[in-house]
Amino acid sequence: MMKKLLEPIRAGELNAPNRVWMAPLTRSRASMPGNIPNALMAEHYAQRADPRSGAGVIIAEATPVSPTGHGYYATPGVHTDAQEAGWKLVTDAVHARGGLIVLQLWHVGRVSNSALQPNNGAPVAPTDEPSRSKTYIDDSFARAETSPPRQLRPEELPGIAEDFAGAAARAVRAGFDGVEIHGANTYLLDQFTRDGMNKMAPPWGGSLENRLRFPLLVAGAVADAVGPGRVGYRVSPLSEHHDAVDSDPGATFAALGERLGAMGLAYLHAVETWDRSKIDPRVETVIPRLAKAFREAGGGAYIANGDYTPDQAERAVAGGWSDAVAFGKLWISNPDLTGRIRRDGPYTEWDTGTFYGGGAEGYTDYHPLDEEAAVPRS
Ligand SMILES: Cc1cc2nc3c(=O)[nH]c(=O)nc-3n(C[C@H](O)[C@H](O)[C@H](O)COP(=O)(O)O)c2cc1C
């Protein structure tokens, strides 16, 4: 029987050939200095773009929208002309194979180090409390402390929303089919959303309505810039890294989902867990609630992510839990993941040692099972 995962799906203006999407994956291989996307990245994404064996939609890695949005070494940006030209290499290569690609728009907030900030300044956030998380700031990729943040002033917030909108417009000029707003994993927008991290005074902090004000300002500005049908939004209601805390994720994220749905966004994408063996049991209620709120308010598709096996993903879409599933690590080591799902495997294991930084090794040298799907080597 034809797998539901292999059926086409429409999400806003994205007409995807299948429901096996590629989750955003930071790989820190941008050219330095300048955080510029390059030919190696174009090859990596093109390898995963075939409409039959590749991803329904490739969600390209988290990409800072402004100089203060950076928090990790060698991540590509989307705020300079050189970066835009670099991304054009990527989108041209993906489109030449018939693929679809959207760009994840990122501001790390307090998860940064002054070494990566303009004038070695403090990272900015809705709190001056430091994050206990680590980052990496040079080509040693050694773990470094994050720096104590400076709390944002209210008058700075519209400018950051403009940075997101400008970056979205730049992404579309660079050839992307859409953008995904990174509201997950306790970066800037998530720091505003969760009551444990947002220490702003009203109207930007306090009540749920106030905490959603900045993320919704950003989403509205991005939707105005490129059209809501080309915009997705990623959340991680139950993730707990980087000191994530929210006293009521069910209510918080259902409210956010409802408001994003009312904007007519193309899709809502959730990291449900990073490890299904330790899954938070609240997923069973929190996720259906936010997906329902998003869809009923007028939003497009719900995209699930988080340590799914292909079989679990098939059950999720066949059972109506989600409209598509985004895979992360499996796409790293299986450039033809959809082709392999079509044949029930086998799947190649990924090497965690080559996740961040470096060159072709562990990046463009995983082979497809089906030779026809191979990208000709240049
Ligand atoms: C190497 C690596 C880089 C990642 N980079 C990002 C990123 O740029 N943006 C993001 O939202 N999530 C990022 N994630 C999280 C993944 O998108 C995904 O949520 C997570 O890996 C769980 O899904 P999986 O089990 O299918 O890989 C990253 C994960 C890994 C392993």
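Contact, in these exercises, means heavy atoms within 4.5 Å of each other. The structure they examine is a predicted model.

**Exercise 1. Helix α3 and its surroundings**

Work out how far helix α3 reaches, which of its residues are buried, and what covers them.

Solution. Begin with the length: helix α3 spans residues 157-173, which makes 17 residues, and from its first C-alpha to its last it reaches 25 Å, close to the 24 Å expected at 1.5 Å a residue. Next, list the residues of α3 that are buried, namely L157, I160, A161, F164, A165, A167, A168, R170 and A171. Then look at what lies against these buried residues, where the cover includes α2 (81-96), β5 (101-106), β10 (178-182), α4 (188-193) and α5. Finally, move past the end of the helix, where α3 is followed by G175, a residue with a positive phi near 105°.

**Exercise 2. A salt bridge from α3 to α2**

Find the salt-bridge partner of R170, and decide whether the two residues are buried or exposed.

Solution. The side chain of R170 meets that of E84 in a salt bridge, at 2.7 Å from N to O. This pair links distant parts of the chain, since R170 sits in helix α3 and E84 in helix α2, 86 residues apart. As for their surroundings, both R170 and E84 are buried.

**Exercise 3. Two further salt bridges**

Describe the salt bridges of E7 with K4 and of R276 with E272, and classify each residue by its accessibility.

Solution. A search of the whole structure finds 20 salt bridges. In one of them the side chains of E7 and K4 meet at 3.5 Å, N to O. E7 counts as partly exposed because its relative accessibility is 26%, and K4, with a relative accessible area of 29%, is partly exposed as well. In the pair formed by R276 and E272, the distance is 3.0 Å, N to O. Here R276 is partly exposed at 22%, whereas E272, with a relative accessible area of 3%, is buried. Salt bridges that share partners also join D81, E84, R170 and R173 into one network.

**Exercise 4. How α5 passes α6**

Describe the crossing of helices α5 and α6, and name the residues that meet there.

Solution. The axes of α5 (residues 208-226) and α6 (residues 249-262) come within 11 Å and cross at roughly 40°, and the crossing is right-handed. On the α5 side the residues are L208, E209, R211, L212, L216 and A219, and they meet A251, T252, A255, L256, R259 and L260 in α6. Sorted by character, the residues of this contact divide into eight nonpolar, one polar and three charged.

Definitions and conventions:
Residues numbered from 1 in each chain as written. Predicted model: local features only at pLDDT ≥ 70, side-chain atom pairs only at ≥ 80, totals over all residues. Heavy atoms only, no water. Axes fitted to C-alpha atoms, helices over the stretch in contact; angles between N-to-C directions. Helix = DSSP H or I, 4+ residues; strand = E, 2+ residues; numbered from the N terminus. Left-handed = near helix turned anticlockwise from the far one by under 90°. Nonpolar A, V, L, I, M, F, W, Y, C, P; charged D, E, K, R; others polar. Expected span 1.5 Å × (residues − 1). Buried < 20%, exposed > 50% of the residue type's maximum accessible area, 1.4 Å probe, protein only. Salt bridge = Lys/Arg side-chain N within 4 Å of Asp/Glu carboxyl O.
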